[in-house]
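Colleague: I'm new to this one, so please pick a single part and take me through it slowly.

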Amino acid sequence: MTVLTRGSGRPNQWLRNLNAKIASIPMILTAMVIFLGGTLWTVVYSFTNSKLLPRLSFVGLDQYERLWAAPRWIISIQNLAIFGFFSLVFSLVIGFVLAALMDQKIRFENTFRTIMLYPFALSFIVTGLVWQWLLNPQYGIQSIVRSLGWESFSFDPLYDADIVIYGILIAALWQGTGLVMCLMLAGLRGIDEDIWKAARVDGIPMWKTYVLIIIPMMRGVIITTLVIIASGIVKVYDLVVAQTSGGPGIASEVPAKYVYDYMFLAQNLGQGFAASTMMLLTVAIIIVPWAYLEFGGGRKRG
């Protein structure tokens, strides 16, 4: 269906592909009602004193004051910051290095790529249980190394409150780095071969070619990868439950587990909604700059 604008022979931009736009109306309405409506409902009830069931008994900012006064929430935020920073850095660096190696047209590339991506196909619960066993000092890595003669070797991060979050980080990197590698590899394969040839002709070292030419050209892929990693970091829950259940004590608590425990175990919906709203704010801080860089900034440059 084509509708011409008045005074010109060009079709109206808003009426292009009208049939497709009409067909998408149910999906748009569903998204607005379920996702946007659910979000607004959560925010509104975060200002109430809801317990077992939601009720409109407003208490102002009391739930947020209790939230930020709770040591368990502060620990969960600290853990999320540590986990998030190292997960972003190591996932990007390891994933890019693996992609760069894979891009050298090595033999059995498909086999290696499948092996690298396989952990991502596993559920987080399975990954958590596997690494809980591997990091168990009685029959995991520590036990194997000691059986080889290194009796003083110690590696039990899940049982040390000071470093337990790093044990969870190991499992997360093992599972997610393969996906980052595939995204980076797709970006590298999109680089024109003439650019590589020109760099070689000019005598530019390989590492400078990557740092000064290739990586800037992969800006879109890198930003998208960062958003995918960051969104997974904010909602990390399964790995923690499978490996430590938040222990030792509350040393490995994360915001998503805090929300679940208060909403379904402590039967304090108001506190759970307040924590959920803070998580939503974190996601918005990640998504809004990405949307601006990908869409708003691109239009201005054009």
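**A close look at helix α10**

Modeller: First, some bearings: an unreviewed UniProt entry places the feature "transmembrane region" at residues 21-47, 80-102, 114-134, 163-188, 209-234 and 273-293 (same numbering as here, names shortened, and annotations may be inferred rather than shown by experiment). This is a predicted model, where local features need pLDDT of at least 70, side-chain atom pairs count only at 80 or more, and totals for chains, interfaces and linings use all residues. Residues are numbered from 1 along each chain, and side-chain values use heavy atoms, without hydrogens or water.

Take two of those stretches: residues 163-188 are 96% helix and 0% strand, with end C-alpha atoms 35 Å apart; residues 114-134 are 90% helix and 0% strand, with ends 22 Å apart. Helices here are DSSP runs of H or I, at least four residues, strands E, at least two, numbered from the N terminus.

Now for α10, residues 206-217. At 1.5 Å a residue (times one less than the number of residues), its twelve residues should span 16 Å, and the end C-alpha atoms agree at 15 Å apart. Buried in α10 (under 20% relative accessible area, 1.4 Å probe, protein chains only) are T209, Y210 and I214. Down the axis, these fall within an arc of 95° (taken from the axis to the C-beta atoms), so they line one face of the helix. Their cover includes α4 (71-102), α8 (164-189) and α9 (193-201), with contact meaning heavy atoms within 4.5 Å.

Methods
Buried < 20%, exposed > 50% of the residue type's maximum accessible area, 1.4 Å probe, protein only.
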